[in-house]
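Biologist: I'm new to this one, so could you show me the structure and let me pester you about the words you use for it?

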Amino acid sequence: MARFPKGYVKPTDSCDSCLAWGNFSGRLCPTCYMFGRGHDAAACTGCRRVQPLKWNYCRLCWCQARLSAKAVVGQPTDETDVRDRLAAVRHHQLFFVGMHYRRRPTPTFRTRGGRRGAPRKPPPAPAWHPDPGWQQLPLFAQIPRDYSRLALADADLTSPWLAWAKYLAHRLAETRGWGRNIRFAVNRGLALVLTGHVEGDVIRHTEIFTPLRALDLPVGHTVTVLDEMGIFEDDSEPSFERWLAKRLEGLAPGIRSEAERWTRVLHDGGPRSLPRREGTVWLYLNRVRPALLEWSNPYDHLREVTRDDVLTYIKTLHGHQRHDQLVALRSLFTWAKQNGLIFRNPTSRIKVGQYEYAVLQPLVPEQVDRSVAAATTPATRLILALAAVHAARVPPRSPTSCSTTSISAIAG
């Protein structure tokens, strides 16, 4: 048996049995290899070659007879018709590997729009709210259900509530452009939560959130369908409430209650104010929180904060921190004054001002010399020279510290 070196790729060649041309390993193409394993070799009646035979003919003669029968009939024929034409084979048409004959593929369905494959699944039949009929009024309130114990295999697919939900889900999917995977997942989620549902029951968010997430089913889309049915109750705690309770920790009780009322007015709006965006509310409360924490030690209410307290606190701030926190404090105390919580606004007549930008100072010669000495490689010297060129300013009267001589020394 011939051994080829590692990485050797056999070139394109013809099969020793059917003479087909193509890429394959060994002497025979895959079809001839399998044909030879099931048939014995002998002299072919048609071509007189010693090859594996089937009914005394080799595979090459069988391929030619099948091609001749197909040319006459116009379509693939059975083995009986091919056998009748084996004796009439007088020549052979060469072919490529795997292209001489292919089984006719399974007929596909074609719709009017030209779509191939199986026809679309028909939409669900129209359904409406199930008729409650006569029913016994519940004696006690609804007991919370544990949907995690239900399995998709135990879902009640014949429930009239599920039929109504699937119809509404189909309409919502057509309106909002839900994909095929989302539709399938929503139907699975509806089958799970509507199993055993009766008139008067309410499906709560806290009961279905964890079971649907555990099965990787879309909670939001399922909730949309249940809300459209009118049987959903959103009892989840908003993220804003959790954030607000966390940010108000550590404040004095009086200051905490007043800061909470002010934050809710910013978030929800009031009689004379529009609601702000949630991001703006976060920024305002985060900016006043350090000052409120500091004032919560000596004071219990905002009315005890004086103008001197505000001035003392803002003296420790600079730049945009002073600007942002003073704007938020003015908003808090202005709201408190308008609602009668304080007698006097301690932030009035305190100018916010502008940002205090740092003044650009020129480099002294000693600093330039130290930078030149630190640049030991050509690459660092080039970078330092480019920085010096772009940073140089034309002086009004006297030369700058970073002069042409310094730049020449840097480029060195």
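Modeller: Sure, let's start inside: Trp-295 is buried, and so is Tyr-313. Keep in mind that this is a predicted model.

Biologist: What makes Trp-295 and Tyr-313 an aromatic pair, and why is the pair called edge-to-face?

Modeller: Their ring centres are 6.1 Å apart, and the limit for a pair is 6.5 Å. The planes make an angle of 65°, and anything over 60 counts as edge-to-face, so the name fits. The pair also links distant parts of the chain, with Trp-295 in helix α10 and Tyr-313 in helix α11 (residues 307-314), 18 residues apart.

Biologist: How many aromatic pairs are there by this rule?

Modeller: The count comes to seven. One of them is Trp-243 with Trp-282, at 5.9 Å centre to centre and 40° between the planes.

Biologist: Why is the pair of Trp-243 and Trp-282 called tilted?

Modeller: Stacked needs planes under 30 degrees apart and edge-to-face needs over 60. The planes here are 40° apart, so neither of those labels applies and tilted is what remains. This pair too joins distant parts of the chain: Trp-243 belongs to helix α8 (residues 239-247) and Trp-282 to helix α10 (residues 278-295), 39 residues apart.

Biologist: Are Trp-243 and Trp-282 buried or partly exposed, and how do you know?

Modeller: Buried means under 20% relative accessible area. Trp-243 has 17%, so it counts as buried. Trp-282 has 36%, so it is partly exposed. Ring pairs also bring in Phe-240, which forms a cluster with Trp-243 and Trp-282.

Biologist: Let's turn to charges over rings. How do you know that the charged end of Arg-276 sits over the ring of Tyr-284?

Modeller: The distance from the ring centre is 5.9 Å, and the limit is 6 Å, with a condition on the angle to the ring normal as well. Another case is Arg-83, which lies over the face of Trp-55 at 3.9 Å from the ring centre.

Biologist: Where is Trp-55, and why is it called exposed?

Modeller: Trp-55 is in the loop between β4 (50-52) and α2 (59-73). Its relative accessibility is 52%, and exposed means over 50%, so Trp-55 gets that label. Its backbone has a feature to note as well: Trp-55 has a positive phi of about 55°, although it is not a glycine. Asn-56, in the loop between β4 and α2, has a positive phi of about 70° and is not a glycine either.

Biologist: What makes Leu-274 exposed?

Modeller: Its relative accessibility is 71%, and the cut-off is 50%, so Leu-274 counts as exposed. Leu-274 is found in the loop between α9 (253-268) and α10. Leaving out residues up to four places away in sequence, Leu-274 touches Leu-266 and Gly-269.

Biologist: Which residues make the nonpolar surface patch?

Modeller: Trp-21, Phe-96 and Met-99 make a patch of about 360 Å². Met-99 sits in the loop between α3 (79-84) and α4 (160-176). At 56% relative accessibility, Met-99 counts as exposed.

Biologist: Now salt bridges. What makes Glu-241 and Arg-264 a salt bridge?

Modeller: The N to O distance between their side chains is 2.8 Å, and the rule asks for within 4 Å, so the pair qualifies. Glu-241 lies in helix α8 and Arg-264 in helix α9, so the bridge ties together parts that are 23 residues apart in sequence. Glu-241 is partly exposed at 25% relative accessible area, and Arg-264 is partly exposed at 26%.

Biologist: How do you know that Glu-207 and Arg-204 form a salt bridge?

Modeller: Their closest N and O atoms are 3.5 Å apart, and the limit is 4 Å, so this one passes too. Glu-207 is buried, with a relative accessible area of 10%. Arg-204 and Glu-207 are also linked with Glu-233 in a network of salt bridges.

Biologist: And how many salt bridges does the rule give?

Modeller: Eight. Among them is Glu-174 with Arg-183, whose closest N and O atoms are 3.1 Å apart.

Biologist: What does the protein look like as a whole?

Modeller: Its secondary structure comes to 15 helices and six strands. Of its 412 residues, 31% count as buried.

Technical notes:
Residues numbered from 1 in each chain as written. Predicted model: local features only at pLDDT ≥ 70, side-chain atom pairs only at ≥ 80, totals over all residues. Heavy atoms only, no water. Helix = DSSP H or I, 4+ residues; strand = E, 2+ residues; numbered from the N terminus. Buried < 20%, exposed > 50% of the residue type's maximum accessible area, 1.4 Å probe, protein only. Phe/Tyr/Trp six-rings, centres within 6.5 Å; stacked < 30°, edge-to-face > 60°. Lys NZ or Arg CZ within 6 Å of the ring centre and 35° of its normal. Patch = residues over 30% accessible without salt bridge, like charges linked within 9 Å, V, L, I, M, F, W, Y side chains within 5 Å. Areas by Shrake-Rupley, 256 points an atom, 1.4 Å probe, with all protein chains shown as cover. Contact = heavy atoms within 4.5 Å.
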